[in-house]
Amino acid sequence: SSLYSSFETSLLKFAILFFIISIFFKLALAPFHLWAPDVYEGSLTSSTVFFAIMPKLGLFILLIRIVYSAFFSFLEDLRHFIVFIAVISILIGSIAGLEQRKLKNLLAYSSISHMGYALLSFSTGTFEGLQLVFCYLIIYMYSGLGLWGIIVSMRLQRNYTQKQNTDITDFMLLGKSNKTIAFFFMVIIFSIAGIPPMIGFLVKLSVFLVSIEAFIYYAAFIAIIISVISAF
């Protein structure tokens with residue numbers, strides 16, 4: 001009876017692992033992120049705003065309901081896998097973003113990195129970590145809406161059949177042409193990058209603290225180093 005019970009639990013963990021991986025695909029976490037940059041680039045900006053920001057909170061709520069509410073006892077067994085995915089997402093999202101010259105591609109890799117930070121807070125298994133997941137996602141959603149709102153309002157792409165994406169160089173003279181939009185654009189970018197004293201810095205610092213309190217030292221150390229690179 002005990003052998004059968006052990007086998008049944010192992011099979012259930014295997015099934016939950018695949019279910020979690022399917023959610024990681026939807027969140028575009030590395031290494032399940034390969035579809036995201038192409039979809040971001042090929043889609044209209046108005047539709048990109050929706051699927052780049054809105055589903056994130058709902059998918060994390062589903063993940064929390066599965067892992068924290070239904071199978072919390074399995075979190076300890078899945079922790080190393082979840083932390084590994086979080087660190088890889090932060091690493092790939094930050095390093096690959098350095099090579100991007102298209103704005104949508106840059107925001108796609110930025111999303112991958114930020115979902116890695118949220119997942120790192122999720123993996124702690126503590127109440128503070130769960131609070132930080134919601135704080136991080138809410139701030140990310142508001143920052144993303146503000147950023148995409150500025151991009152849409154500028155209407156840089158006159159004809160979407162000619163130009164699907166916006167080059168980063170299109171913003172070079174924004175400070176001279178519209179100082180107000182340039183100021184808000186700068187504030188949002190600084191917050192997303194985690195530059196103090198913006199709120200993005202405070203919530204990212206809190207993610208590092210809850211990770212250290214949960215004894216995930218190596219992941220917190222790597223995330224701190226990579227966050228410096230991603231600020232570039």
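1. In this predicted model, helix 6 passes helix 9 in a left-handed crossing. Helix 6 spans residues 127–154 and helix 9 residues 199–213; the two pack at an angle of about 155°, with their axes 10 Å apart. Angles over 145 degrees count as roughly antiparallel, and helix 6 and helix 9 are therefore roughly antiparallel to each other. On the helix 6 side, the contact is made by Glu128, Gly129, Leu132, Cys135, Tyr136 and Ile139. Helix 9 contributes Ile199, Val203, Lys204, Ser206, Val207 and Val210. Divided by class, this contact of helix 6 with helix 9 holds eight nonpolar, two polar and two charged residues.

2. Helix 6 also packs against helix 8, which covers residues 179–193. The axes of helix 6 and helix 8 come within 10 Å and cross at roughly 145°, and the crossing is left-handed. From helix 6, the residues in contact are Ser143, Gly146, Leu147, Ile150 and Met154. They meet Ile181, Phe184, Phe185, Ile188, Ile189, Ser191 and Ile192 of helix 8. The class division of the contact between helix 6 and helix 8 is nine nonpolar, three polar and no charged residues.

3. A further packing pair is formed by helix 3 (residues 45–70) and helix 5, whose axes come within 12 Å and cross at roughly 15°. That angle makes helix 3 roughly parallel to helix 5. The crossing of helix 3 with helix 5 is right-handed. In helix 3, the residues concerned are Thr45, Thr48, Ala52, Lys56, Phe60, Leu63, Ile64, Val67 and Tyr68. Their counterparts in helix 5 are Lys104, Ser111, Met115, Ala118, Leu119 and Phe122. Ten nonpolar, three polar and two charged residues make up the contact of helix 3 with helix 5.

4. The largest pocket encloses about 780 Å³ of space. Its lining comprises 31 residues, and Leu106, Ile189, Ser230, Ala231 and Phe232 are the ones nearest the pocket centre. Ile189 also belongs to the contact that helix 8 makes with helix 6. By class, the pocket lining has 20 nonpolar, nine polar and two charged residues.

5. Which helices supply at least two residues each to the lining of the largest pocket? Helix 4 (75–97), helix 5 (103–122) and helix 8 (179–193) do so. Helix 5 provides the largest share of that lining, with eight residues. Helix 5 is also the partner of helix 3 in the roughly parallel packing described above.

6. Backbone geometry in the loop between helix 1 and helix 2 merits inspection. Helix 1 covers residues 2–27 and helix 2 residues 35–42, and Pro31 lies in the loop between them. Ala30 and Pro31 are joined by a cis peptide bond, with omega of about 0°. Ala28 is found in this loop between helix 1 and helix 2 as well. Although Ala28 is not a glycine, its phi is positive, at about 60°. Most residues other than glycine have a negative phi, and most peptide bonds are trans.

7. A cis peptide bond also joins Pro196 and Pro197, with omega of about 5°. Pro197 is situated in the loop between helix 8 and helix 9. Both of the helices flanking this loop pack against helix 6: helix 8 through a contact that includes Phe184 and Ile188, and helix 9 through one that includes Val203 and Val207.

Conventions:
Residues numbered from 1 in each chain as written. Predicted model: local features only at pLDDT ≥ 70, side-chain atom pairs only at ≥ 80, totals over all residues. Heavy atoms only, no water. 1 Å grid on protein atoms, 1.4 Å probe; cavity = no way out; pocket = protein on both sides within 12 Å on 5 of 7 lines; lining within 4 Å. Points joined across faces, edges and corners; volume = space filled by probe spheres on them. Helix = DSSP H or I, 4+ residues; strand = E, 2+ residues; numbered from the N terminus. Nonpolar A, V, L, I, M, F, W, Y, C, P; charged D, E, K, R; others polar. Axes fitted to C-alpha atoms, helices over the stretch in contact; angles between N-to-C directions. Parallel < 35°, antiparallel > 145°, perpendicular 65-115°, else oblique. Left-handed = near helix turned anticlockwise from the far one by under 90°. Contact = heavy atoms within 4.5 Å.
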